[in-house]
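Subject: Structure for your files

Hello,

Here is the structure I said I would send. My notes follow below it.

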Amino acid sequence: CLFEPGLWTSVGHSHLAVKVVLHREGNFGRTEVIENTLNPDFVRKFVLDYFFEEKQNLRFDVVCLLQSFLGQTFCTLGEIIGSAGARLERVLSGIPGKKCGNIIFTAEELSNCRDIATMQLCANKLDKKDFFGKSDPFLVFYRSNEDGTFTICHKTEVIKNTLNPVWQPFTIPVRALCNGDYDSHDFIGEFTTSYRELSRGQSQFNVYEVLNPKKKGRKKKYVNSGTVTLLSFKVESEYTFVDFIRGGTQLNFTVAIDFTASNGNPAQPTSLHYMSPYQMNAYAMALKAVGEIIQDYDSDKLFPAYGFGAKIPPDGKVSHAFPLNTDCENANCVAIEGVLEAYYECLRTVQLYGPTNFAPVINQVAQCAADVTDGSQYFVLLMITDGVISDMVQTKEAVVNASSLPMSIIIVGVGPAEFDAMEELDGDEVRVSSKGRAAERDIVQFVPFRDYIDRSGNQVLSMARLAKDVLAEIPEQLLSFMKSRGIEPRPALSNSPATHITVHL
């Protein structure tokens with residue numbers, strides 16, 4: 001990503017020469033100096049690598065030419081990208097009792113080539129290579145490098161026993177085509193083309209003679225070893241996660257926390273729900289780690305939060321989807337801090353019980369997701385649990401049903417329990433199935449929190465490691481849903497014109 005800041009100030013002097021300094025794990029970069037204006041529009045851009053799954057903290061200092069401090073602001077890269085139209089406005093501060101002005105950031109993704117090419121080729125009258133049969137031909141594509149060498153970039157399937165093969169259509173990024181392994185196969189021949197020639201599509205210009213240099217040098221009457229014909233060629237743009245976020249797609253974050261008795265008495269230090277005055281418990285750490293990143297992509301910062309597996313007041317009935325804020329009409333909490341407050345308060349009012357049922361909460365979020373399938377919203381459910389699922393059959397059915405919706409599920413296991421059964425829901429190897437029906441997409445990511453705990457006790461590092469792993473699949477899962485439904489990102493949202501700055505990510 002790249003972006004550039006600009007600002008305007010409400011107080012100051014017209015002879016100021018100002019610049020903006022970006023700090024990111026040290027002094028990262030600075031803009032050019034602009035003189036004699038209180039409303040500078042900076043041209044120099046900052047280029048940063050963007051990672052959805054990381055909290056990338058930024059600090060901007062505004063200084064004048066003599067290094068006098070004019071103000072500063074803090075934000076995350078996710079906040080800029082997640083703002084409407086990727087445009088974030090912040091008030092500068094840092095000088096007590098003085099208005100320092102405002103600064104605006106806009107961001108856009110660098111325009112790397114996102115085109116993908118789909119093509120199909122066939123061949124005719126190839127040389128016979130097998131002693132007892134014909135040939136088993138396949139195509140290998142090499143792209144030329146700047147140093148004159150060639151790098152393999154694609155290999156088609158093998159078609160057995162034919163001299164006139166028709167290969168299946170295949171898709172390849174354009175950047176892979178135009179910017180080896182040498183198995184013991186019989187060489188039929190080669191030809192050279194370019195992306196520009198291929199992009200003409202099927203025509204007389206895209207019929208290539210296959211030439212074998214050795215045969216050509218040996219036989220005077222040699223013509224060719226057959227021909228290869230381009231049957232079709234199509235180029236499409238591949239949209240990115242940032243395209244959808246800039247177009248207004250919101251991430252709706254929902255939390256579900258395990259309140260079963262196996263967590264232990266919250267009043268005892270041995271409990272996984274114990275509220276120590278000195279540090280957060282594992283539930284709070286997991287919630288904060290994931291939530292603080294996702295909240296940057298939700299404009300209203302209202303997050304439904306539920307508990308499951310507890311007896312709740314006033315009648316002491318067991319519930320597997322009760323609102324942490326006790327409001328059955330509106331389970332929303334304000335920001336992640338609001339979710340944490342509701343969680344802590346809930347520990348004082350409910351009785352931990354059981355069993356550990358996942359399906360009710362998954363179905364509840366899926367019902368919300370089913371109401372908004374136009375690409376404007378994508379739902380992320382975080383479930384934090386200490387034990388084995390009691391309703392695995394129903395949960396698998398709920399996951400299969402949810403896999404066709406704009407929804408992802410993150411499951412974080414806390415405590416020392418064995419979570420082997422949870423791996424069944426994480427469809428990285430084998431897609432989850434229920435009643436003979438497989439999940440349409442892989443939407444579940446499961447991790448045990450203990451794998452991410454820093455040995456030195458650094459909770460910030462533990463949370464960063466957890467978030468990086470569990471959130472890494474969300475962008476691809478969102479894209480897989482959009483692609484499966486043929487949904488394209490909307491044009492980037494725009495606020496009132498920003499005459500003072502533009503920011504590119």
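What covers the buried residues of α7? Please keep in mind that this is a predicted model. The cover includes two strands, β16 (250–258) and β17 (302–308), the helix α6 (282–294), and also β20 (322–323) and β21 (332–334). The residues of α7 that are buried are Ile336, Gly338, Val339, Leu340, Ala342, Tyr343, Cys346 and Leu347. Helix α7 itself takes in residues 335–349. Its 15 residues, at 1.5 Å each, should span 21 Å, and the C-alpha atoms at its ends are 22 Å apart, which agrees.

Helix α6 also matters for the nonpolar cores. The largest of these has 77 residues, and Phe259, Val412 and Leu471 have the most contacts inside it. α6 gives this core its largest share, 10 residues. Beyond its neighbours within four places in sequence, Leu471 is in contact with Phe52, Glu53, Val290, Ile293, Ile294 and Ile410. Another core lies apart from this one; it has 30 residues, including Val365, Met392, Val399 and Met422.

Last, a sheet. It is open and has four strands in the order β13-β10-β15-β14, with antiparallel pairing. β13 (170–173) and β14 (207–209) are the edge strands; each has a single partner, so one side of each has no neighbour in the sheet. From one strand to the next, the twist averages 35°. Four bridges join β13 to β10 (residues 115–124) in the antiparallel sense, and Thr118 has Thr171 of β13 as its bridge partner.

Regards

Terms used. Residues numbered from 1 in each chain as written. Predicted model: local features only at pLDDT ≥ 70, side-chain atom pairs only at ≥ 80, totals over all residues. Heavy atoms only, no water. Pairing = 2+ DSSP bridges. Axes fitted to C-alpha atoms, helices over the stretch in contact; angles between N-to-C directions. Expected span 1.5 Å × (residues − 1). Buried < 20%, exposed > 50% of the residue type's maximum accessible area, 1.4 Å probe, protein only. Contact = heavy atoms within 4.5 Å. Core = buried A, V, L, I, M, F, W, Y, C linked by side-chain atoms within 4.5 Å.
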